[in-house]
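This report goes through one protein model, from the whole chain down to single residues. Please keep the sequence and the 3D view open while reading.

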Amino acid sequence: MSADEIEPEQVWLPASESLLEWTEDFHDLLLRDGLRMDTYRHAVFESVRPGMVVVDLGTGTGILAQWALQAGAARVYGIEMNEAILKEAERRLARAGFSDRFHPVLGVSTEANLPEPADLLVSEILGNLADNEGCVAILRDARRLLAPEGQMLPQQVESYLVPVAAEKAHSQILGGQRPGGVDGDSLDAALRRRGADSRFDLYYDVVLPVEIQLAAPRLLRAYRFCAEDSDNYQVKLGFLVHKAGSFTGFKGYFVASLSDHVTLDISGDGAGHGAASESWKHCYLPVKDPVSVRPNDQITVYFERSQLMTGEVFRQRYVWQGEVVRDGTVLTRFSQRSRGSYELE
């Protein structure tokens, strides 16, 4: 299936919550994502200068490393925790004629030490809400791998929330319909493996059309992957409804400044409102009980992220709770909470 054929509001389980289970098939999906590939390719070729030492953090099958080498990098250190996928990167780079300039590093970046400082660190470890693959802590730590004037790609990432009338997606979750990408399992069985207490205490990967947005998006968080970035936060956001509809939850997405002139924006839906991303989709944060809203209603959400760590992989808990108010009267209150796929309690 191409990105142009993604069905709007089709519910998928969150890929960012199963990093250790990513197979070569999922990496093939990443390589087919036109939005991802086009923007990252332009950014890498803009950022890499001949003779640079580059670190590719989370190198996967090695496509960013390959572009960096094609752009003239003297050496690329590819850090990857999945041994089978790293072997595939080595094969890819060997076929491209770069085996002598690509240096594989098996393991997690927080434990890695390189023989020399790097001029540029490239990575694509972003979840569809930006921080739901642990990128903040990982990239903050990774700055130690850079020379004093070393740069990062992406340079900055912003995440956004907006309330939506995603009735089709909500109906799939409410009815327990088997999510996309899952063979043989019911939604409830899949959720039990991820530690979710209910169908609405998890976020989902869903392409959510711009036309179902009920208000203007609001900035949730901005990251530059430096010491000032915090893994844990609480944010209060208010939205003024501008169109009537059934409020079913929130759409989350990121906009990343990859390099000086290249921006990656995954908010689009592929239907006249920017390109859709097949691999990221959007982050759908549902509420259990939808409510009909109309212009000038107010939706307030208190959004919280707390970091969890088990073993070698960073995880997080999200909480989204709040209320819908009309003319000073509360129409409904909502409170949902994800537990994190590998949280131990």
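The sections below cover the overall fold, the cysteines, two helices and the backbone at a few loops.

## Overall fold

The model is predicted. Seven helices and 15 strands make up its list of secondary structure elements. The radius of gyration is 20 Å, close to the 20 Å that the globule rule gives for 345 residues, so the protein is as compact as a globular protein of that length. Along the principal axes, the C-alpha atoms fill a box of roughly 65 × 40 × 40 Å.

Of the 345 residues, 59% count as buried. Contacts that span long stretches of the chain are frequent: among those between residues at least 6 apart in sequence, 76% join residues at least 24 apart.

## Surface and charge

About 14500 Å² of the protein is exposed, and carbon and sulfur atoms supply 46% of that area. The protein carries 35 positive and 50 negative charges. The mean positions of these two sets of charges are 2 Å apart.

## Cysteines

How many disulfides does the model contain? The count is zero. C226 is in no disulfide, and the nearest cysteine sulfur, that of C135, is 12 Å away. For C283, also in no disulfide, the nearest cysteine sulfur is again that of C135, at 13 Å. A disulfide needs two cysteine sulfur atoms within 2.5 Å, so neither distance qualifies.

The surroundings of these two cysteines can be stated as well. C226 is partly exposed, with a relative accessible area of 21%. C283 has 0% relative accessibility and counts as buried.

## Helix α3

Helix α3 covers residues 63-70, and seven of its eight residues are buried, so the helix is largely enclosed by the rest of the structure. The buried residues are I63, L64, A65, Q66, W67, A68 and L69. An α-helix has 3.6 residues a turn, so residues three or four places apart point the same way. In α3, the run of buried positions from I63 to L69 is unbroken.

After α3 comes G72, which has a positive phi, near 115°.

## Helix α6

Helix α6 spans residues 167-174 and holds H170. Is H170 buried or exposed? At 5% relative accessibility, H170 counts as buried. Leaving aside its neighbours within four places in sequence, H170 is in contact with F200, T248, Y284, V287, K288 and P290.

S171 is also found in α6. S171 is partly exposed, with a relative accessible area of 46%. T248, one of the contacts of H170, lies 77 residues from S171 in sequence, and the two C-alpha atoms are 9.6 Å apart in space.

## Backbone at the loops

Most residues other than glycine have a negative phi, and most peptide bonds are trans. Three places in the loops depart from this pattern, and they are taken in turn here.

One is the peptide bond between L153 and P154, which is cis, with omega about 10°. P154 lies in the loop between β5 (146-153) and β6 (156-164).

The next is N296, a residue other than glycine with a positive phi near 80°. Where does N296 sit? It is found in the loop between β12 (282-293) and β13 (298-310). N296 counts as exposed, at 57% relative accessibility. Beyond its neighbours within four places in sequence, N296 is in contact with L240 and V241. Its C-alpha atom is separated by 32 Å from that of P14, which is 282 residues away along the chain.

The last is D327, in the loop between β14 (313-326) and β15 (329-337). Phi of D327 is positive, near 50°, and this residue too is not glycine. At 73% relative accessibility, D327 counts as exposed.

Terms used
Residues numbered from 1 in each chain as written. Predicted model: local features only at pLDDT ≥ 70, side-chain atom pairs only at ≥ 80, totals over all residues. Heavy atoms only, no water. Buried < 20%, exposed > 50% of the residue type's maximum accessible area, 1.4 Å probe, protein only. Helix = DSSP H or I, 4+ residues; strand = E, 2+ residues; numbered from the N terminus. Rg over C-alpha atoms; globule rule 2.2 N^0.38 Å. Contact = heavy atoms within 4.5 Å. Areas by Shrake-Rupley, 256 points an atom, 1.4 Å probe, with all protein chains shown as cover. Lys, Arg positive; Asp, Glu negative; His and termini not counted. Charge placed at Lys NZ, Arg CZ, Asp CG, Glu CD.
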